[in-house]
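Student: I am new to this structure and would like to learn how to read it. Can we go through it feature by feature?

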Amino acid sequence: MEKRPDEGTLPINRAEALERIGGDSDFLKELLGIYSEEFLLRAKELRSALNGQEFQTIQELGHSLKGSSANLSLPGLRQAAMDIETAGLEKNIQKAKESFACLEKEFERLKKHLAQSPD
Amino acid sequence: MKRPAEAKKRASKKAMQILIADDDPVSGKILEKNLRKWGYKTLLAKNGIEAWQALQKTGLRLALLDWMMPEVTGLELCQRIRQVTKPNYTYIILLTSKDELQDIIKGLEAGADDYMTKPVNFLELHARLQTGRRIIDLEDHLLKTQKRLYELSTRDNLTALWNRATILRFLQEELEQGAREKSPTSAIMLDVDLFKIVNDTYGHLAGDAVLRGIADGLVKNVRLYDKIGRYGGDEIFIVLPNCSLTNVAKIAERLRLACARNKIKVPEGRISVTLSLGCVSSEAMDRPSVDRMIFACDRALYQAKHQGRNCVALSEPLPDSRKGTTHGKKTR
C-alpha cells in the first residue's frame with residue numbers, strides 16, 4: 001500500500017482543480033456535487049462487492065473512483081481508490097476492506113472541508 | 001476585420017463535433033467544458049454502447065474515448081471502428097490512466113491515433129486535437145481533390161454532361177444489368193439541327209451556349225436514373241435503363257418538344273434550335289452490344305435527318321449481320 005497523503009494535507013488541491021476547468025469556481029462546485037452523488041452510489045456498490053468478494057467489480061469501481069478523484073485533484077481519495085483497485089487486482093480482501101475504510105474517511109474529510117470553506 | 005479564409009477556417013472548426021465517451025460524469029463534464037471553450041461541438045456518451053451508436057454517424061470525425069468503460073471498452077471501440085468502412089476517417093484519442101508502455105502500444109495497435117493519460121492536461125489535449133484536425137483537414141483536401149479528378153475524368157467540361165468514355169461505360173453496364181434482369185436498355189443519339197449555321201451566324205461562343213442550354217433542357221426532361229453524355233461535337237447520347245422501345249420513343253419526343261419550345265439565351269439574344277433524335281432499344285436487337293446500339297442509334301438519327309430534321313426516328317431491329325439494313329421509322 002502506498003503512503004497516504006499526510007492528514008495535514010488538504011483533501012482537495014483547489015488551485016490545480018480550478019486550473020483544469022479554466023478557473024470557474026461555480027463549475028467546480030457543480031462538479032463536486034456530481035462527484036459526491038457518484039461517490040455514494042459507487043461506495044454502495046463497493047460495499048456489496050466487498051461482502052461478496054467480487055474482485056473484478058472491486059477493481060473496476062476502484063479504477064473508476066480513482067479517475068474521478070484525480071480529475072478533481074482529490075489526492076487522499078485518489079490514493080484510497082487506487083489501493084482498492086490494486087487490492088481487487090491482487091484479490092486481497094483484507095487490503096480492499098482497509099482501503100475502503102480509508103476511502104470513506106477521506107470522503108468525510110472532504111465533505112467537512114467543503115462545508116468549512118465552500119469557495 | 002477577419003480575412004475570409006480565416007473566418008471560414010474558424011467557422012469550420014466551430015462546426016466540428018467531437019465525441020466524448022466516458023462513463024465518469026465528472027471527467028466527461030470537464031472535457032465537455034474545455035472542448036466547448038475551444039469552439040468545438042460535443043457529444044457525450046456515457047458508455048461504450050452509446051459511443052458506438054454515435055460513431056455510426058458519418059459527421060463525427062474526432063473522438064475522445066476512455067479506455068475503461070462498461071459494456072464496450074474504448075479499446076474495443078477503436079478495433080470496431082477500424083473494421084468498418086466509413087466515408088471519412090475518425091481520428092481517435094484514447095484516454096486512460098494506464099500508462100505502461102505495453103498499454104500504449106496495445107492502444108495504438110487497436111486503432112487509436114493518439115493516447116493521453118488521465119487526468120488530462122488540457123494544454124496538451126488542445127495541442128493534440130490540433131494534430132487531429134490537421135489530419136482531418138488533409139483528408140478533406142485529398143477527398144476534394146479526388147472528387148475533382150473524378151469530375152475532370154468523367155465529365156464534359158463544356159456541358160457538364162458525362163463524357164464519351166463514361167457514357168459508353170454506362171451503356172455497357174446497363175446492357176449487362178438489363179441482360180441479368182431481363183429488362184430492356186434503350187438509347188438515344190441526338191444532334192442539333194443545322195448547328196453549323198448557329199456557329200457560322202452567331203459565333204462559337206453562341207454555339208457553346210446552345211450546347212449548354214440543350215444539355216440543361218435534356219437533364220430536366222429525362223428520368224432521374226437516365227444518363228446523358230456528350231458523344232462528340234453537337235452529338236449527345238442518352239442511356240435509358242429499363243426502358244422499352246415504346247417508352248424511349250415517348251421520352252425522345254418529349255425532349256424534342258421541350259427543345260423546340262424553349263429559346264436558348266446566347267450573347268446575341270435568344271435563339272431557337274431543334275433536335276433530331278435516333279432511338280434504339282436492346283429489346284429490338286439480336287445480341288445487343290455497345291457497338292450495335294451505337295450503330296443502330298446512328299442509323300436512326302440519320303433517318304431523322306433524312307426525313308426533314310426536328311423529329312424522332314426509331315431503329316428497326318438490326319439483322320444478325322449488318323448487311324441489308326432496314327430503314328428507320330419516323331415519329332413526330
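The dialogue below takes up the interface, the sheet and two backbone details.

Tutor: Keep in mind that this is a predicted model.

Student: How many residues does each chain give to the contact between chain B and chain A?

Tutor: Chain B supplies 16 residues and chain A supplies 18 residues. Together the two chains bury about 1,500 Å², and 67% of that lies on carbon and sulfur atoms.

Student: How many salt bridges cross the interface of chain B and chain A?

Tutor: Begin with the general idea. Side chains of opposite charge can pair when their charged atoms come close. Here the cut-off is a Lys or Arg side-chain nitrogen within 4 Å of a carboxyl oxygen of Asp or Glu. By that rule, 2 salt bridges are found across the interface of chain B and chain A. One joins B:Lys29 to A:Glu30, with 3.0 Å between the closest N and O atoms. Another is formed by the side chains of A:Asp24 and B:Lys33, at 2.9 Å from N to O. In this pair, A:Asp24 sits in the loop between helix 1 (14-20) and helix 2 (25-51) of chain A, while B:Lys33 belongs to helix 2 of chain B. Over all chains, the count is 27 salt bridges.

Student: How many residue pairs are in polar contact between chain B and chain A?

Tutor: There are 5 such residue pairs, counting those with both residues at pLDDT 80 or more. On the side of chain B that touches chain A, helix 2 (residues 25-37) of chain B gives the largest share, 8 residues. That side of chain B is made up of 7 nonpolar, 3 polar and 6 charged residues.

Student: In what order do the strands of the sheet in chain B lie?

Tutor: To read a sheet, follow the strands across it rather than along the chain. The open sheet of chain B has 5 strands in the order 2-1-3-4-5, with parallel pairing. At its edges are strand 2 (41-45) and strand 5 (114-117) of chain B, each paired on one side only. From one strand to the next, the twist averages 20°.

Student: How many bridges join strand 3 to strand 4 of chain B?

Tutor: Strand 3 (residues 62-66) and strand 4 (residues 91-96) of chain B run parallel and are joined by 5 bridges. B:Leu62 is opposite B:Tyr91 of strand 4 of chain B. Packed on the sheet is helix 6 (residues 122-154) of chain B, which touches strand 1 (17-21), strand 3, strand 4 and strand 5 of chain B. The direction of helix 6 makes about 155° with that of strand 4 of chain B.

Student: Which residues does a cis peptide bond join?

Tutor: Omega is the angle to read. Between B:Lys118 and B:Pro119 omega is about -5°, and the peptide bond is cis. B:Pro119 lies in the loop between strand 5 and helix 6 of chain B.

Student: Where does A:Lys91 lie?

Tutor: A:Lys91 is in the loop between helix 4 (75-90) and helix 5 (93-116) of chain A. Phi of A:Lys91 is positive, near 55°, in a residue other than glycine.

How values were computed
Residues are numbered from 1 along each chain as its sequence is written. Chains are lettered from A and ligands numbered from 1 in the order in which they are written. This is a predicted model: local features need pLDDT of at least 70, side-chain atom pairs count only at pLDDT 80 or more; totals for chains, interfaces and linings use all residues. Side-chain values use heavy atoms; hydrogens and water are left out. Contact means heavy atoms within 4.5 Å. Buried area is the accessible area (1.4 Å probe) that two parts lose on being put together, summed over both. A polar contact is a pair of N or O atoms within 3.5 Å; within protein, one must be able to donate a hydrogen and the other to accept it, and residues adjacent in sequence count only if both atoms are side-chain atoms. Helices (H or I, at least four residues) and strands (E, at least two) are DSSP runs, numbered from the N terminus. Ala, Val, Leu, Ile, Met, Phe, Trp, Tyr, Cys and Pro count as nonpolar, Asp, Glu, Lys and Arg as charged, and the others, Gly among them, as polar. Two strands pair if DSSP finds at least two bridges between them. Axes are lines fitted to C-alpha atoms, for helices over the stretch in contact, and angles run from 0 to 180 degrees between N-to-C directions.
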